[in-house]
Amino acid sequence: MIHQALSKYVGYDFAKEVLFHPKRKWRFDFANLQYKVAVEVEGGAYSKGRHTRPKGFIADMEKYNAAAELGWIVLRYTPQQMLTIAALEQIKRIIERRKNEKE
C-alpha cells in the first residue's frame with residue numbers, strides 16, 4: 001500500500017528493500033535510486049519497538065549517518081504519517097529539488 005502511494009502520488013519510481021551500503025547489509029524500506037532519496041517507515045514509535053529502544057536507536061543513527069555520507073537523503077515517517085498527503089508532498093518536493101540540482 002505504501003509502495004503504491006509513493007509511486008502513484010509522488011510520481012517517481014521507488015524500489016523496496018534497497019541495499020545501499022557497499023560493506024554493510026543495510027537496506028532502506030523504499031528508495032528512489034535516481035535521486036538518492038530514501039523513505040524509512042519507522043514502526044513501534046508508540047509500542048516501544050526496536051527503533052525506540054536504546055540499542056536500536058543507536059544502530060539507526062549509525063545507518064542514517066552512513067547513508068548521508070554516501071549522499072542519501074533519508075526521510076523517516078511512522079506508518080500512519082506515511083499515508084498522509086503532507087508526507088507524500090514532502091517526498092515529492094525533495095525529489096524535485098534533487099532533480100533541479102542535477103539539471
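1. Start at Gly 11: in this predicted model, Gly 11 has a positive phi of about 85° and sits just after helix H1.

2. Now step back into H1 itself, which covers residues 2–10. Which of its residues are buried? They are Ile 2, Ala 5, Leu 6 and Val 10. Looking down the axis of H1, you'll find these buried residues within an arc of 100°, so they line one face of the helix. That fits the usual geometry: an α-helix has 3.6 residues a turn, so residues three or four places apart point the same way.

3. What about the other side? Gln 4 and Lys 8 are exposed, and they sit on the face of H1 turned away from its buried side. As for what covers the buried residues of H1, the list includes two strands, S2 (27–32) and S3 (37–41), along with helices H3 (79–82) and H4 (85–102).

4. On to the rings. The model has 4 aromatic pairs. One of them joins Tyr 12 and Tyr 35 edge-to-face, at 6.0 Å centre to centre and with 90° between the planes. Tyr 12 belongs to the loop between H1 and strand S1 (15–19), while Tyr 35 belongs to the loop between S2 and S3, so this pair ties together parts that are 23 residues apart in sequence. Both Tyr 12 and Tyr 35 are buried.

5. Phe 20 and Trp 26 are worth a look too. Their ring centres are 6.1 Å apart and their planes lie at 10°, so this pair is stacked. Both Phe 20 and Trp 26 are buried, and together with Phe 28 and Trp 72 they make up one aromatic cluster.

How values were computed. Residues are numbered from 1 along each chain as its sequence is written. This is a predicted model: local features need pLDDT of at least 70, side-chain atom pairs count only at pLDDT 80 or more; totals for chains, interfaces and linings use all residues. Side-chain values use heavy atoms; hydrogens and water are left out. Buried means under 20% relative accessible area, exposed over 50%, partly exposed in between (1.4 Å probe, protein chains only). Helices (H or I, at least four residues) and strands (E, at least two) are DSSP runs, numbered from the N terminus. The arc is that of the directions from the helix axis to the C-beta atoms. Contact means heavy atoms within 4.5 Å. Rings of Phe, Tyr and Trp (its six-membered ring) pair if their centres lie within 6.5 Å; planes under 30 degrees apart count as stacked, over 60 as edge-to-face and the rest as tilted.
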